[in-house]
Amino acid sequence: MADERVESAIANWASRLISNGVDYNDFVRTTSSIDRWDEWLDAWTATADAHRELAEQALAEGHRRSAGEACLRAAISYHFSKFVWVIDPDRNRNATEAAARALYDAHELLGTGVERIEAEYDGGLAIGNLRLPEADAPVPLVVVIPGLDSTKEEFFAIESVFLDRGMATLSLDGPGQGEGGFYSPIRHDYEVAVTAALDALDGRAELDSRRVGAAGVSLGMYYAVRTAAFEPRVKAVAAVSGPYNMGAGWESKPSLTREAFACYSRSANDDEARDRAQRLNLEGVAETVQQPCLLVTGARDRVIPWQDTKRVADAIAHSEWVLYEDGTHVCNNIPFKYRPLIADWLRDRLG
């Protein structure tokens, strides 16, 4: 029988893995082989390595698209091998780097035209993947903001929803996230990373700098709303399942969430992590947001109670609120509902 942390990961995150690109059969096969949490990274790394081998075989036979698709599967498996797995920070970092390499290989093989963007800010480095839709005129830009342990490697499928609607995407690793976490721990003032990234893109002929939106998931909702409060270039926000105060109800959060926050905030212990989480608080900030915001969540969310997200919506003057009764955390069990909703809403607001 699997230990409590393995059971928690499966119960809380199964739909997230699958909706972001993990094959259902891979999920069942891999998780069924894991009894202890310390086995999680090895099991998912083995799955990722198997897809890497398939990519190499396909490439050797001249099948670039098949190789690219296999690299995508490898990237997402490497990513989730270290997802909230912080037992060994060095191995976590190795998996982070492996996920990034596999995704860039996938982009190259699939010919997506992705461009890596790096932007320095106070003590850190924001790293983003810029993708452009097929268009002649300058297009709107959506900054896709991860949560606690999501990264740009997780967003290939979400990016496609925006790209198909004529919007460019910049999936961002900021403080405490993926490659960005190598340079800076979690910061409450996440807007510094978005501002640096937008500065780096300033003047790009393909992008309409007057039409910038932000899309955030989970803790990324907090980041997106805070960014809107302090970065006027962001004209609209659509976000899903985020907290009003990350430190509120700390003891009731899943233990894996608390452990991951402690690691990525570089806290010495759980008490210090809770104190730092308390700084990620929208009180007095959400009320200053003047941009339109669409905030979405699910009534079955066991990670961040839907009431938290509703509190954020209530504090923002120009907000719209959507609650899916059947939705889990980030509504990952119903991506076919929330993803078109936020993409269409942002397209309508950005023009």
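So, how do the axes of helix H1 and helix H2 cross, and within what distance do they come? Keep in mind as we go that this is a predicted model.

Helix H1 covers residues 4-19 and helix H2 covers residues 24-31; their axes come within 10 Å and cross at roughly 150°. Anything over 145 degrees counts as roughly antiparallel, so that's what we call H1 relative to H2. The crossing is right-handed. As for who makes the contact, on the H1 side you've got Ile10, Ala14, Leu17 and Ile18, and H2 brings Tyr24, Phe27 and Thr31.

Let me pick out Tyr24 for a second. Tyr24 sits in H2 and is one of the contact residues I just listed. Is Tyr24 buried or exposed? Exposed, because its relative accessibility comes out at 52%, and the cut-off for exposed is over 50%. Between Tyr24 and Ala14 there are 9.2 Å, C-alpha to C-alpha, with the two residues ten apart in sequence.

Okay, moving along the chain to H8. Just ahead of it, in the loop between strand E5, residues 207-217, and H8, we find Ser218. Ser218 isn't a glycine, yet its phi is positive, about 55°. Ser218 also counts as buried, because its relative accessible area is 13% and the limit for buried is under 20%.

Then H8 itself, residues 219-230, which holds Met221. How accessible is Met221? The relative accessibility is 0%, so Met221 is buried. What does Met221 touch, leaving aside residues up to four places away in sequence? There's Gly216, then the run Ala239, Val240, Ser241 and Gly242, then Leu295 and Val296, and finally Thr309. As for Ala238, its C-alpha is 8.1 Å from that of Met221, with 17 residues separating them along the chain.

Thr309 takes us over to helix H11, residues 306-315, where Thr309 is buried along with Asp308, Val312, Ala313 and Ala315. Looking down the H11 axis, those buried residues fall within an arc of 170°, so they line one face of the helix. And what do the buried residues of H11 pack against? H8, plus two strands: E7, residues 293-298, and E8. So the Met221–Thr309 contact goes together with the packing of H11 on H8.

After strand E8, residues 319-324, there's a loop leading to H12, and Val330 is in that loop. Here's another residue other than glycine with a positive phi, near 55° for Val330. Val330 is buried too, because its relative accessibility is 5%.

Last stop, H12, residues 335-350. Why does the length of H12 make sense? With 16 residues at 1.5 Å each, H12 should span 22 Å, and the end C-alpha atoms are indeed 22 Å apart, so the two agree. Its buried residues are Pro335, Tyr338, Arg339, Ile342, Ala343, Trp345, Leu346 and Leu350. Seen down the axis, they fall within an arc of 160°, so they line one face of H12. On the face turned away from that buried side, the exposed residues are Phe336 and Asp348. Right after H12 comes Gly351, with a positive phi near 85°.

That's my tour, happy to take questions.

Conventions. Residues are numbered from 1 along each chain as its sequence is written. This is a predicted model: local features need pLDDT of at least 70, side-chain atom pairs count only at pLDDT 80 or more; totals for chains, interfaces and linings use all residues. Side-chain values use heavy atoms; hydrogens and water are left out. Helices (H or I, at least four residues) and strands (E, at least two) are DSSP runs, numbered from the N terminus. The expected span of a helix is 1.5 Å times one less than its number of residues. Buried means under 20% relative accessible area, exposed over 50%, partly exposed in between (1.4 Å probe, protein chains only). The arc is that of the directions from the helix axis to the C-beta atoms. Axes are lines fitted to C-alpha atoms, for helices over the stretch in contact, and angles run from 0 to 180 degrees between N-to-C directions. Angles under 35 degrees count as roughly parallel, over 145 as roughly antiparallel, 65 to 115 as roughly perpendicular and the rest as oblique. A crossing is left-handed if the near helix is turned anticlockwise from the far one by less than a right angle, and right-handed if clockwise. Contact means heavy atoms within 4.5 Å.
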